[in-house]
Amino acid sequence: MSYLQDNKPITISKLLAMHADREKIAVLTAYDSTMSALLNRCGVEVILVGDSLGNVVQGHTSTTPVTIKEMAYHTECVARTNTQAFLIADLPFASYGDPMQALESSAELMRAGADMVKLEGGTWQIDVIQYLVERSVPVCAHLGLLPQSVHLLGGYKVQGKSKDDATHMLEQAHACEAAGAQMLVLEAIPSALGEMITKSLRIPTIGIGAGPNCSGQVLVLPDMLGISPGKPPKFVKDFMADHSSIEAAIKAYVKEVKSGKFPGPEHSFAS
């Protein structure tokens with residue numbers, strides 16, 4: 001049963017209960033009030049105001065140019081028409097270099113309407129995660145492919161493919177949970193690793209190219225509508241291809257995530 005059916009706002013407690021009950025969580029990005037209202041009507045349980053806006057809204061080749069001021073602006077736009085979904089906002093590149101800066105940036109996003117902030121990185125972010133949680137800032141961690149580190153990684157590549165890398169990522173996931181993170185995004189990793197991490201944690205995992213066994217799934221909204229320029233990543237499905245309206249496409253996405261139909265093998269990575 002979807003937790004949106006009771007017409008009450010989604011909370012982190014409800015998301016944790018969904019994870020415990022093995023009910024899939026449907027997540028999509030949004031950057032403006034119109035799409036925020038539509039996602040709420042379509043039953044999307046979590047909205048992510050992603051720094052992917054650097055790519056799909058601003059036209060950059062990466063997320064690194066996005067600033068905290070821009071993230072706060074788009075978060076406020078989304079929050080104005082968000083009636084039920086849990087709202088997560090990305091901490092953008094270079095806005096959480098130390099715990100104090102992370103707290104200042106997080107406060108700006110939460111004042112704009114975010115329920116939780118998301119940051120990229122594993123063990124090197126543990127002090128930041130713990131510092132934020134101790135000061136009442138809910139945190140979603142992000143492991144695997146880290147878009148803010150794409151220049152360091154040498155491109156958008158699948159992560160965690162070797163046994164050592166997979167073991168290290170599993171350790172990082174546990175460290176993030178122990179530090180107080182209440183959710184974890186896993187991006188572009190083998191399906192088997194996504195399943196292993198999900199089964200070993202008490203907190204929900206949200207996959208994007210991490211296989212079908214994560215607690216939920218997220219896609220960038222223009223990607224799943226088939227309107228992003230260039231070749232889409234393997235983990236993207238164009239839901240507009242079989243539907244005549246944006247609303248129908250989003251509802252189909254939610255239905256396929258909830259049923260476990262999406263992602264299929266063609267959207268996932270082998271070890």
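Okay, let's start with overall size. For 271 residues, a compact globule would come out with a radius of gyration near 18 Å, and this protein chain has 17 Å, so the two agree. Keep in mind that what you're looking at is a predicted model. If you line the C-alpha trace up on its principal axes, it spans about 45 × 40 × 40 Å.

What's it built from? The count for the chain is 11 helices and 8 strands. Buried residues make up 56% of the 271. Then the contacts: take those with a separation of 6 or more, and 62% of them join residues 24 or more positions apart.

On to the outside. The chain exposes about 11700 Å², with carbon and sulfur atoms supplying 55% of that. For the charge people here, there are 22 positive and 28 negative charges, and their mean positions sit 6 Å apart.

Now let's zoom in on a few helices, starting with H4, residues 68-80. That's 13 residues, and from first C-alpha to last the helix reaches 18 Å, close to the 18 Å you'd expect at 1.5 Å a residue. Which residues of H4 are buried? They are Ile68, Met71, Ala72, His74, Thr75, Cys77 and Val78. While you look at that list, remember that an α-helix has 3.6 residues a turn, so residues three or four places apart point the same way. As for what the buried residues of H4 pack against, you've got helix H2 (33-41), strand S2 (46-49), helix H3 (53-56), strand S3 (86-90) and helix H5.

Helix H5, residues 99-111, turns up again in the next stop, as part of what covers the buried residues of H6. H6 itself runs over 126-134, and its buried residues are Ile126, Val128, Ile129, Tyr131 and Leu132. Besides H5, their cover includes strand S4 (116-120), strand S5 (139-144) and helix H8 (163-179). One backbone detail to check on your screens: after H6 comes Ser136, and its phi is positive, near 70 degrees.

Last one, a single residue: Glu256, over in helix H11, residues 246-259. Is Glu256 buried or exposed? Its relative accessible area is 12%, and buried means under 20%, so Glu256 counts as buried. And what is around it? If you leave aside neighbours within four places in sequence, Glu256 is in contact with Lys237, Phe239, Lys261 and Phe262.

That's my tour, so over to you for questions.

Definitions and conventions: Residues are numbered from 1 along each chain as its sequence is written. This is a predicted model: local features need pLDDT of at least 70, side-chain atom pairs count only at pLDDT 80 or more; totals for chains, interfaces and linings use all residues. Side-chain values use heavy atoms; hydrogens and water are left out. Buried means under 20% relative accessible area, exposed over 50%, partly exposed in between (1.4 Å probe, protein chains only). Helices (H or I, at least four residues) and strands (E, at least two) are DSSP runs, numbered from the N terminus. Contact means heavy atoms within 4.5 Å. The radius of gyration is taken over C-alpha atoms; the globule rule is 2.2 Å times the number of residues to the power 0.38. Accessible areas come from the Shrake-Rupley method with a 1.4 Å probe; for residues, only the protein chains shown count as cover. Lys and Arg count as positive and Asp and Glu as negative; His and the chain ends are not counted. The place of a charge is taken as NZ of Lys, CZ of Arg, CG of Asp or CD of Glu. The expected span of a helix is 1.5 Å times one less than its number of residues.
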